[in-house]
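Here is a short briefing on enclosed space and helix packing. Keep the structure open while you read.

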Amino acid sequence: SNAQNMRGVLLVLAGLFASFSPLGCDQQGSIPEDLLVLTVASQETDGFRRFLRSAKHFNYTIKVLGGGETWEGGDYISPPGGGQKVRLLKSALEDIQEENKVILFVDSYDVIFSSGPKELLKKFQQAKHRVVFSAETLIWPDRHLEDKHPHVREGKRFLGAGGFIGYAPNLKKMVSDWSGADSDSDQLYFTKIYINPEKRKSINITLDSKCRLFQNLHGALDEVVLKFEDGRVRARNVLYDTLPVIIHGNGPTKINYLGNYIPNLWTFETGCTICNENLRPLSGLQSEYPVVVIGIFIQQPTPFVTVFFERLLNLKYPKNRIQLFIYNQVKYYVQIQNYDSELMFKTITICIFFNNNIDCEYFFSIDVDVVLKNEDTLRILIELNKPFIAPMMTKPGRLWTNFWGALSADGYYARSEDYVDIVQGHRVGLWNVPYVSHIFLIKADALRTDLKDPDLFESATLDPDMAFCSKVRNKGVFMFVTNMHTYGRVLSTENYQTNHLHNDLWQMFENPVEWEERYIHENYSKVLKDAFIETPCPDVYWFPVFTDVACKHLIEEMEHFGQWSGGGNVDNRIQGGYENVPTIDIHMNQIGYEKEWHKFLLDYVAPVTEQMYPGYYTRFDLAFVVRYKPDEQPALRPHHDASTFTINIALNQVGIDYQGGGCRFLRYNCSIKAPRRGWALMHPGRLTHYHEGLPTVEGVRYIVVSFVDP
């Protein structure tokens with residue numbers, strides 16, 4: 001008969017689970033002989049392994065039902081469903097004859113233990129009933145049955161079928177008349193028994209209304225906090241001041257962040273206890289490195305794209321073990337295609353994961369707004385050996401990251417109690433989270449099996465990233481984030497404009513860290529810290545401020561604009577309309593750069609002027625780029641500047657871009673004939689520093705000039 005066959009299968013499974021550590025718990029030791037945990041698992045998911053780990057930690061005896069069966073009991077999210085569990089339970093109970101055997105029946109994929117059998121049995125006995133069900137804040141699947149639930153003096157009054165404990169004979173009696181389909185609702189079946197006064201009394205059922213044994217998280221997230229004590233962690237229900245033994249992440253919220261701690265995965269004493277488990281060390285042999293497909297996604301205009309590809313090229317990973325896929329839906333970046341050839345990568349299509357013809361082990365997805373600072377990122381993620389893992393990314397000065405710590409009841413963002421500590425690095429480890437974006441590494445096997453559906457990013461209500469993460473969660477694949485190293489950050493792209501030649505120059509306000517790395521000289525920090533300032537002439541200070549890229553971009557931006565002044569005395573751009581010492585130039589406000597230039601002067605020049613001229617408040621006025629050419633305006637006659645002091649930055653290189661040029665201070669007969677590209681000259685503008693621009697005899701010379709306190 002089917003029942004005998006099932007008994008035979010269960011006996012074989014029980015033997016297997018007792019023999020192999022991945023699927024069973026040690027049945028030896030000082031555990032109560034009268035408690036048996038039954039659970040249903042048709043496949044070995046990340047959640048199932050987490051359940052077994054916590055059970056093994058507390059020496060529970062586990063018997064797994066349904067192994068190898070196809071799951072027909074629904075998706076746990078939308079009723080009906082779960083009837084298959086009742087059928088399997090009924091069959092398993094037939095083999096149990098002991099009158100005093102206590103059976104705990106729980107889900108497994110979204111359940112963890114936070115304490116041991118001794119405490120569970122004690123609390124069960126204190127309930128003074130033969131069967132105790134977990135309790136819910138919310139009623140489902142049939143709200144019309146609400147009034148039929150008995151009222152409780154304090155606590156939750158609705159039954160939850162995801163966990164119950166009772167004596168075997170009482171449980172047998174409870175499921176004796178089950179004859180439903182596997183797809184029928186177990187929740188509705190047990191609810192109807194409970195709301196029937198005669199059956200409730202006959203079977204002797206009560207609810208764990210104050211969550212002393214069971215904590216269901218659906219609709220109860222605000223009730224539960226972590227409790228750290230003596231090197232272990234458990235959940236505390238602050239509403240009832242109880243310490244539940246079993247945590248059940250039912251509904252869309254799952255276990256949330258609690259599963260990263262309970263019972264001992266992360267403690268203040270030990271830190272992360274699982275971060276070094278099941279690692280995949282990569283040897284020095286490049287041929288043994290797994291093949292990785294890197295998918296780059298350009299979905300909106302994004303600053304510093306060239307820098308992104310430079311960093312990608314610098315990844316410390318064998319280039320012959322990388323294949324590249326670029327998805328670009330922004331016309332602005334068609335020029336990138338010319339740059340790609342330098343990357344020495346092979347371009348392929350992402351559909352490799354829907355067939356088995358490509359030999360790759362991982363897919364590394366990166367949005368182009370990711371600033372990947374750590375060159376070891378890819379190797380670190382692979383060595384952590386998770387099916388799905390992301391490096392934590394931040395935004396400077398903000399608590400924003402590329403992951404969510406928890407989900408709200410409706411499946412959107414919620415801040416977990418540990419989120420700030422993780423972001424700020426006070427808690428370091430591997431964190432199972434409900435949502436990641438921008439950058440992640442997935443094992444290709446997961447994409448070929450659990451995540452093979454072509455509509456992973458599609459949803460009628462959710463954005464693509466949320467839809468993707470929701471489907472990954474529902475497939476039972478854990479998404480991990482690691483903050484064990486610093487990996488990088490994510491750019492702000494909201495206000496990025498593309499109406500200039502070098503739009504990144506305008507990113508001072510939106511992405512100041514990236515702007516500084518791109519445009520400020522690598523030795524600028526030494527100017528104030530180590531007095532890295534030269535004095536080539538009396539009271540003339542010389543210090544590095546711009547990178548070569550900054551100089552190049554400013555020149556090209558001005559030439560692209562192209563509206564150079566004629567070099568005459570009449571100049572309607574300035575107050576009064578008359579220039580005594582005219583140059584061929586373009587003012588910063590002509591290209592819409594006055595705000596950015598002012599911030600540059602305040603952030604990078606003012607600190608130097610205040611050190612060189614103590615007590616002198618810096619106020620800036622006119623700023624412009626000057627062009628000197630032999631056949632246009634090769635030099636500038638002796639003059640005073642219309643300033644208290646002047647900033648003069650060389651934008652190109654003497655001897656390479658032009659011949660001649662320089663600046664001579666007549667009072668001191670002191671000349672600077674080899675100005676360094678990106679270095680600023682700072683000198684008084686009036687009285688003592690009468691000066692001239694020396695002739696440019698070949699090529700084109702560019703400088704940028706700012707007048708201070710005119």
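Twelve positions make up one wall: Trp542, Asn648, Ala650, Gly662, Cys663, Ile672, Pro675, Trp679, Ala680, Leu681, Arg701 and Ile703 line the largest cavity. The model is predicted. It holds five cavities of 30 Å³ or more. The points below cover the two largest cavities, then two helix contacts made by α3.

**Largest cavity**

- The largest cavity encloses about 70 Å³ of space.
- Three strands each give at least two residues to its lining: β33 (645-650), β37 (679-684) and β40 (701-708).
- β37 provides the largest share of that lining, with three residues.
- Sorted by class, the lining of the largest cavity has nine nonpolar, two polar and one charged residues.

**Second largest cavity**

- The volume of the second largest cavity is about 50 Å³.
- Its lining consists of Leu217, Leu221, Val224, Ile255, Asn256, Tyr257 and Leu258.
- Six of these lining residues are nonpolar and one is polar; no charged residue takes part.

**Helix α3 against helix α5**

- Helix α3 spans residues 83-93, and helix α5 spans residues 168-175.
- The two pack at an angle of about 135 degrees, and their axes lie 10 Å apart.
- Roughly antiparallel would need an angle over 145 degrees, so α3 and α5 count as oblique to each other.
- The crossing of α3 past α5 is left-handed.
- On the α3 side, the contact uses Val86, Leu89, Lys90 and Leu93. On the α5 side, it uses Leu171, Lys172 and Val175.
- By class, the α3 contact with α5 has five nonpolar and two charged residues, with no polar ones.

**Helix α3 against helix α6**

- Helix α6 covers residues 186-194.
- α3 and α6 pack at about 65 degrees, with their axes 7 Å apart.
- Angles of 65 to 115 degrees count as roughly perpendicular, and α3 and α6 are therefore roughly perpendicular to each other.
- From α3, Gly83, Lys85 and Val86 make the contact. From α6, Asp186, Tyr189 and Phe190 do so.
- The residues of this contact divide into three nonpolar, one polar and two charged.

**One residue to locate**

- Which α3 residue listed against α5 is also listed against α6? Val86 appears in the contact with α5 and in the contact with α6.

Technical notes:
Residues numbered from 1 in each chain as written. Predicted model: local features only at pLDDT ≥ 70, side-chain atom pairs only at ≥ 80, totals over all residues. Heavy atoms only, no water. 1 Å grid on protein atoms, 1.4 Å probe; cavity = no way out; pocket = protein on both sides within 12 Å on 5 of 7 lines; lining within 4 Å. Points joined across faces, edges and corners; volume = space filled by probe spheres on them. Helix = DSSP H or I, 4+ residues; strand = E, 2+ residues; numbered from the N terminus. Nonpolar A, V, L, I, M, F, W, Y, C, P; charged D, E, K, R; others polar. Axes fitted to C-alpha atoms, helices over the stretch in contact; angles between N-to-C directions. Parallel < 35°, antiparallel > 145°, perpendicular 65-115°, else oblique. Left-handed = near helix turned anticlockwise from the far one by under 90°. Contact = heavy atoms within 4.5 Å.
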